[in-house]
Amino acid sequence: FRGGSFRKHLRQLVFCLVSRLILVPVIMLTLAIALGFRGVELVTLVAIFATPCAVAGFAMAQQMRADAELAGNCVVYSSALSCFTIFGWVFLLKTLELF
């Protein structure tokens, strides 16, 4: 990870972060709520679908000669931003009295 390297892949990085931290949880949690999941089961699904990118993604990108720099940035920034988004998901679902 290099501090300013995100500028090179800003568009892809933003797409990755929005997809991983917002779009996937919106789709999957909405589906889960519609299917009747509540309480502990819904919290488990938040833990599955609202978490940051896996660190193994960087190692896989390196081994496959893909864009490891972008993968590393996705891991770092999604980990940093997930502190806020996971709090937001829990707060929203708690406010809606779903768990």
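**Figure 1. Read along the sequence, the chain runs α-α-α-α.** This is a predicted model, and its secondary structure adds up to 4 helices and 0 strands. The C-alpha atoms take up a box of roughly 45 × 25 × 15 Å along the principal axes. Among contacts with a separation of 6 or more, 73% link residues 24 or more positions apart. Of the 99 residues, 29% count as buried. The chain exposes about 6500 Å², and carbon and sulfur atoms supply 73% of that.

**Figure 2. Confidence, helix by helix.** Mean pLDDT for the chain is 90, with 95% of residues at 70 or more. Helix α1 comes out highest, at a mean of 94. At the other end sits α3 (residues 56-63), where confidence is lowest, though its mean is still 90. As a general reading rule, coordinates should not be taken in detail where pLDDT is low.

**Figure 3. The largest nonpolar core has 9 residues.** Its members are L29, A32, L42, L45, V46, A50, W89, L93 and L98. Helices α1, α2 (40-49) and α4 (68-95) each chip in at least two residues of this core. The top contributor is α2, which gives 3 residues. There's also a second core, separate from this one, with 7 residues, including L17, L70, C74 and V75. Nonpolar side chains do tend to be buried together in soluble globular proteins.

**Figure 4. Zooming in on L29, a core residue from helix α1.** Is L29 buried or exposed? With a relative accessibility of 3%, L29 counts as buried, because the cut-off for buried is under 20%. Setting aside neighbours within four places in sequence, L29 is in contact with L42, L45, V46, W89 and L93. Take W89 as one of these partners: L29 and W89 are 60 residues apart along the chain, yet 9.5 Å separates their C-alpha atoms.

**Figure 5. L42 and the residues around it.** L42 belongs to the 9-residue core. Which residues does L42 touch, not counting those up to four places away in sequence? The list reads L29, A32, I33, F37, L93, L98 and F99. Four of the names to look for in the core itself are L29, A32, L93 and L98.

**Figure 6. A nonpolar patch on the surface.** Now for the outside: L10, V14, V18, I22, L23, V26 and I27 form a nonpolar surface patch. Together they have about 550 Å² of accessible area. L23 makes a handy example; this residue is found in helix α1, which spans residues 10-34. L23 has a relative accessible area of 42%, so it falls in the partly exposed class, between the 20% and 50% cut-offs.

**Figure 7. H9, in the segment before α1.** What does H9 touch, leaving out residues up to four places away in sequence? Its contacts are D67, E69 and L70. Of these, L70 is also one of the residues in the second nonpolar core. H9 itself is buried, at a relative accessible area of 10%.

**Figure 8. S82, a buried serine in helix α4.** S82 is found in α4. With a relative accessible area of 5%, S82 is buried, because that value is under the 20% cut-off. Residues up to four places away in sequence aside, S82 touches L21, P52 and F87.

**Figure 9. R65 and E97, two non-glycine residues with positive phi.** Start with R65, in the loop between α3 and α4. Its phi is near 55°, a positive value even though the residue is not a glycine. R65 counts as exposed, at 76% relative accessibility. Then move on to E97, in the segment after α4. Here phi is positive too, at about 60°. Is E97 buried or exposed? E97 counts as exposed because its relative accessibility, 68%, is over the 50% cut-off.

Terms used. Residues numbered from 1 in each chain as written. Predicted model: local features only at pLDDT ≥ 70, side-chain atom pairs only at ≥ 80, totals over all residues. Heavy atoms only, no water. Patch = residues over 30% accessible without salt bridge, like charges linked within 9 Å, V, L, I, M, F, W, Y side chains within 5 Å. Areas by Shrake-Rupley, 256 points an atom, 1.4 Å probe, with all protein chains shown as cover. Salt bridge = Lys/Arg side-chain N within 4 Å of Asp/Glu carboxyl O. Buried < 20%, exposed > 50% of the residue type's maximum accessible area, 1.4 Å probe, protein only. Core = buried A, V, L, I, M, F, W, Y, C linked by side-chain atoms within 4.5 Å. Contact = heavy atoms within 4.5 Å. pLDDT = per-residue confidence, 0-100.
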